[in-house]
Amino acid sequence: MKKYTSLERAWILYDVGNSAFTLLVSTIIPIYFNYLAEEAGLSSVTYLAYWGYAASVATLAVAFIGPVFGAVADTKNYKKPVFLVTLLVGVIGCVAMGFASTWLAFLIIFVIAKIGYSSSLVFYDSMLHDVTEPERLDDISSQGYAWGYIGSCIPFIVSLGVVLGAGSLGLSMQAAMGISFLIVAVWWFLSSTPLLRKYRQIHYVEKEPGMVRESFGRLWRTLKELMKDRKILIFLVAYFFYIDGVYTIIDMATAYGTALGLDTTGLLLALLVTQIVAFPSAIIFGKLTKKYPSANLITVCILAYTGIAIFAMFMESQFQFWILAVCVGLFQGGIQALSRSHFAKLIPPEKSGEYFGLLDICGKGASFIGTTLVGVVSQLTGSTNLGVSVLAVVFVAGLILFRMSVRKNRNK
């Protein structure tokens with residue numbers, strides 16, 4: 001990363017830190033929850049449903065608080081402090097999960113940690129305009145996701161070694177998981193320190209009396225402006241659908257594989273392959289924006305994810321899960337990074353916190369629909385495969401709406 005500025009590298013490094021928590025959530029944490037659930041006598045279908053509901057509660061909470069916090073963070077010199085608070089909630093929550101001994105206590109702490117993590121990303125994403133130039137948005141955004149994928153593998157491999165080697169190390173399952181959570185939390189916090197030291201808010205609105213009340217007022221005015229700006233509005237609705245499916249797959253991949261009775265170690269190694277494949281893929285997508293419009297590349301990614309969702313409906317074997325993991329790795333970084341930079345180009349920089357808060361409603365906040373639908377359909381039908389089938393529908397809806405937003409942007 002020699003060609004990037006120290007501030008750009010610090011921003012990218014935070015993706016390396018928070019991605020360790022993302023990988024933990026999509027791999028080890030569901031397996032540990034499954035262990036606690038089995039100890040309490042919960043069935044695999046009930047376990048998957050409860051996990052989906054917990055993820056839904058966390059993302060729904062961020063959907064409500066994100067835009068308000070974002071409006072506050074847009075005030076001069078407030079973005080970094082608010083970012084730090086949410087970061088600490090996530091890091092401390094990550095450590096605290098290691099002390100939970102029942103499935104219910106674990107889920108409650110997980111929801112708190114996930115809220116801190118997701119909220120921190122609202123402000124982290126909105127910093128993009130402050131850390132780089134407009135023409136470098138696609139590249140820097142892609143680099144963040146790319147290095148996040150490969151960098152997060154380091155604490156994951158160490159944590160996986162502790163969990164799988166718990167018996168030979170003389171550790172109980174709970175002790176091994178507690179150590180793993182601590183490793184990830186320390187990695188996450190240390191990776192954030194360069195950004196906390198170097199970041200300075202360039203785009204902002206001036207502080208006014210009654211800042212919180214004024215933030216609600218600014219948010220309301222932004223919402224009214226949004227209703228008139230069709231290109232942003234339709235993009236947000238499109239994003240609501242297609243990224244919903246992406247985050248549902250991330251949140252529930254291991255839980256889904258475990259519910260199907262697939263080998264735990266094989267699932268973890270397959271998802272590690274996802275991270276490794278995603279590293280060069282995200283960088284390649286960032287470079288391709290110099291030759292092809294980001295809108296066309298996002299379209300390719302949505303189509304690919306539609307195929308992935310259809311394939312997942314029929315998945316029964318470990319080998320099929322490996323194929324799924326590689327395919328997700330090929331397109332995961334591209335769809336996330338390019339959607340972030342594509343949106344950044346559409347919005348006013350001084351209101352980036354507000355707008356990225358709204359994006360979070362339509363993104364991570366909206367993923368409560370996917371996780372809830374998977375949980376409900378799985379319980380009603382008794383089939384996890386049918387539960388996953390709903391994701392193909394949300395991807396198709398997202399694709400149609402995204403192409404509408406692209407046409408609106410061309411005709412502006």
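Student: Let's kick off with Cys301: is it buried or exposed?
Tutor: Buried means under 20% relative accessible area, exposed over 50%, and partly exposed in between (1.4 Å probe, protein chains only). This is a predicted model, where local features need pLDDT of at least 70, side-chain atom pairs count only at pLDDT 80 or more, and totals for chains, interfaces and linings use all residues. Residues are numbered from 1 along each chain as its sequence is written, and side-chain values use heavy atoms, with hydrogens and water left out. Cys301 sits at 0% relative accessibility, so it counts as buried.

Student: And how many disulfides turn up in the whole structure?
Tutor: A disulfide here is a pair of cysteine sulfur atoms within 2.5 Å. Searching the whole structure for them gives a count of zero.

Student: Which helix gives the nonpolar surface patch its largest share?
Tutor: Patch residues have over 30% relative accessible area and no salt bridge (Lys or Arg side-chain nitrogen within 4 Å of an Asp or Glu carboxyl oxygen); like charges are joined within 9 Å, nonpolar side chains (Val, Leu, Ile, Met, Phe, Trp, Tyr) within 5 Å. This patch covers about 570 Å² (Shrake-Rupley, 1.4 Å probe, only the protein chains shown as cover), with Leu84 and Phe189 among its residues. Helix 4 (79–96) and helix 9 (173–198) each give two or more residues; helices are DSSP runs (H or I, at least four residues), numbered from the N terminus. The largest share, four residues, comes from helix 9.

Student: Leaving aside neighbours within four places in sequence, what is Ser192 in contact with?
Tutor: Ser192 lies in helix 9 and is buried at 0% relative accessibility, while Leu190 is exposed at 52%. With contact meaning heavy atoms within 4.5 Å, the partners of Ser192 beyond those neighbours are Tyr14 and Leu87.
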